[in-house]
Amino acid sequence: MSSEQAGARPGYFDDWRERVISDPELILEDRDLMRALISANDRQMGGNIVDMRGIAMERLQNRLDRLEDTHRSVIAAAYENLAGTNQVHRAILKLLDESEFTGFLKVLGTDVAGILRVDRIRLVLESPEATETEAPRVQKLEDVLTVVAPGFVEDYITGGRDIPHKQVTLRQVGMGCDRIFGDEAATWIKSEALMVLDFGPGRLPGLLVMGAEDPHQFRPSQGTDLLTFFASVFERLMRGWLG
């Protein structure tokens, strides 16, 4: 403020001094003002004096910045998780509304795929009637269901290697994805979520596959809790349809 402005308002700085003394949080809560005051103090002290207090203040400021960044990240993750939970719940309710298997599959490939924001969903069922010499897509229903020979699910997940795997696998697509998504879609599907389905004792396993054009939508580093829950509900619904 210029001297003319100060002269036009007698007692202006005295008023501010009294306000600061009575309520110092006016300054303490203003980060930019605190930085300006500390910088002014540093200049007054000169460059030949080690200011331990200034160093401590700078470290505290950096720590506060990191804590605030962490706080924002935690809140963002919480909102993202809540949104994902709501999506899964909506998808399950959509499946529960269907009273016929054909409608169930149609909704899976359309409405549920839209709710979960994936580009393709495929249900793969193993059957002894499908042989290795036949085409992998022995039967398709509503462009969602594919019937394959026994052993296909394990081989597709592991790539034919003897390695352990979890119920849910997230990865970028590899060789053989055309056997799931078809020749055309296999050219642009870049990542997939594989959910192994257990239909109970004496029954061959199934596989629920979600495909996305975005190569980073499904990554091994992501959490799988929500997809594991979705797969567990889905396999129970399938047990009801299989009888």
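Trainee: Which residues point one way from E6, and which point the other way?
Mentor: Gly206, Leu208, Met210 and Ala212 point one way, while Leu207, Val209 and Gly211 point the other way, and all are buried. In a regular strand, side chains alternate between the two faces of the sheet. Keep in mind that this is a predicted model, where local features need pLDDT of at least 70, side-chain atom pairs count only at pLDDT 80 or more, and totals for chains, interfaces and linings use all residues. Residues are numbered from 1 along each chain as its sequence is written, and side-chain values use heavy atoms, leaving out hydrogens and water.

Trainee: Why is strand E6 described as largely enclosed by the rest of the structure?
Mentor: Buried means under 20% relative accessible area, exposed means over 50%, and partly exposed lies in between (1.4 Å probe, protein chains only). In E6, residues 206-212, 7 of the 7 residues are buried, so the strand is largely enclosed.

Trainee: What makes E1 and E6 a pair?
Mentor: Strands (E) are DSSP runs of at least two residues, and helices (H or I) need at least four, each numbered from the N terminus. Two strands pair if DSSP finds at least two bridges between them. E1 and E6 have 6 bridges in the antiparallel sense, therefore they satisfy that rule. One of the bridge partners is Gly206 in E6, matched with Leu125.

Trainee: How many bridges join strand E5 to E6?
Mentor: Strand E5, residues 191-197, runs antiparallel to E6 and is joined to it by 7 bridges. Here Ser191 stands opposite Ala212 in E6.

Trainee: Why is Glu192 called buried?
Mentor: Good one! Glu192 lies in strand E5. Its relative accessible area is 0%, which is under the 20% limit, so Glu192 counts as buried.

Trainee: What makes the link between the side chains of Glu192 and Tyr156 a polar contact?
Mentor: A polar contact is a pair of N or O atoms within 3.5 Å; within protein, one must be able to donate a hydrogen and the other to accept it, and residues adjacent in sequence count only if both atoms are side-chain atoms. The two side chains meet at 2.9 Å, so the distance fits the cut-off. Contact in general means heavy atoms within 4.5 Å. Leaving out residues up to four places away in sequence, Glu192 touches several residues, including Val209, Met210 and Gly211.

Trainee: And why is Arg117 called exposed?
Mentor: Arg117 has a relative accessible area of 64%, which is over 50%, so the label is exposed. Arg117 lies in the loop between helix H6 (101-115) and strand E1 (120-126).
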